[in-house]
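Visitor: I should like a close look at a single part of this protein, namely its internal empty space. Please describe the cavity and its lining, and then place them in the setting of the whole chain.

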Amino acid sequence: MMLLPWDRWFSTSCCLCCHVRTGTIILGVWYMLINAVVLLILLTALNDPEQYHLTSAELANDLDVMDDANMCIASAISLLMVLICGMATYGAYKLHAAWIIPFFCYQIFDFALNTLVAVSIVVYPNTLQDYLQQLPDNFPYKEEVAALSNVYLVLIVLLFIGCILGFKAYLIACVWNCYRYVSGRGTSEILLYVTTNDTTVLLPPYDDSVSVPPKQAPPPYTAQTA
């Protein structure tokens, strides 16, 4: 039986030392804490708009950067993300594979958005200069960055986004391997990968092997007498 492409990359370890289940739990808790902090900040800003309300007067525009409606939407998204990350953490801890799927879909969606950003920079490189012009004058290193050549600026941004995409792809692979591991715990099939990495041997489940009745014992030996 030939190995599927995703079977060749299957591993139960991540970050060189952690199990994929432990790594998924840590990742879920980390994302949940980040989104919980963002949700707390947004709710505080809604409760006290005079202190946290940011207008675009500093950016030389006439519209509000973050009005109450946008803050409510952002709060709802942050709350949803807290729930999704909590589901992934609970699913990895309790070995429920279905609970990990929403977090995995979020990772795919986030990876696709970052990829689109990289593609848009390649297709429309002048957007970087337009974005720099919209930044406030007191933004750190604005003049130094704007003085760079457009080609160098695009290469630096693409290199930075490429590193982020590579890291996100690795996290996606860890969560996917955790999903496969948890799903495999609930199935009755055990796959043993041969060292040649070209074939697989399918072993019967342990419970079925134990439950198989033994073969009939041979008849007792009796010595013949002359």
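Guide: The secondary structure of this predicted model comprises 9 helices and 4 strands. Read from the N terminus, the elements follow the order α-β-β-α-α-α-α-α-α-α-β-β-α.

Against that background, the internal space can be examined. Rolling a probe the size of a water molecule over the atoms shows where empty space is left. With a threshold of 30 Å³ or more, the count comes to 1 cavity. The volume of the largest cavity is about 60 Å³. Its lining consists of Y31, Y106, Q107, D110, K168, L171 and I172. Two elements, α5 (101–123) and α8 (150–186), each give two or more residues to this lining. By residue class, the lining of the largest cavity holds 4 nonpolar, 1 polar and 2 charged residues. Tyr counts as nonpolar in this scheme, so Y31 and Y106 of the lining belong to the nonpolar class together with L171 and I172. The charged residues of the lining are D110 and K168, and the polar one is Q107.

The wider setting is as follows. The protein has 226 residues, of which 23% are buried; buried here means under 20% relative accessible area. Among contacts with a separation of 6 or more, 65% are between residues 24 or more positions apart. The accessible surface of the protein amounts to about 16300 Å², and carbon and sulfur atoms account for 68% of that surface.

Definitions and conventions:
Residues numbered from 1 in each chain as written. Predicted model: local features only at pLDDT ≥ 70, side-chain atom pairs only at ≥ 80, totals over all residues. Heavy atoms only, no water. 1 Å grid on protein atoms, 1.4 Å probe; cavity = no way out; pocket = protein on both sides within 12 Å on 5 of 7 lines; lining within 4 Å. Points joined across faces, edges and corners; volume = space filled by probe spheres on them. Buried < 20%, exposed > 50% of the residue type's maximum accessible area, 1.4 Å probe, protein only. Contact = heavy atoms within 4.5 Å. Areas by Shrake-Rupley, 256 points an atom, 1.4 Å probe, with all protein chains shown as cover.
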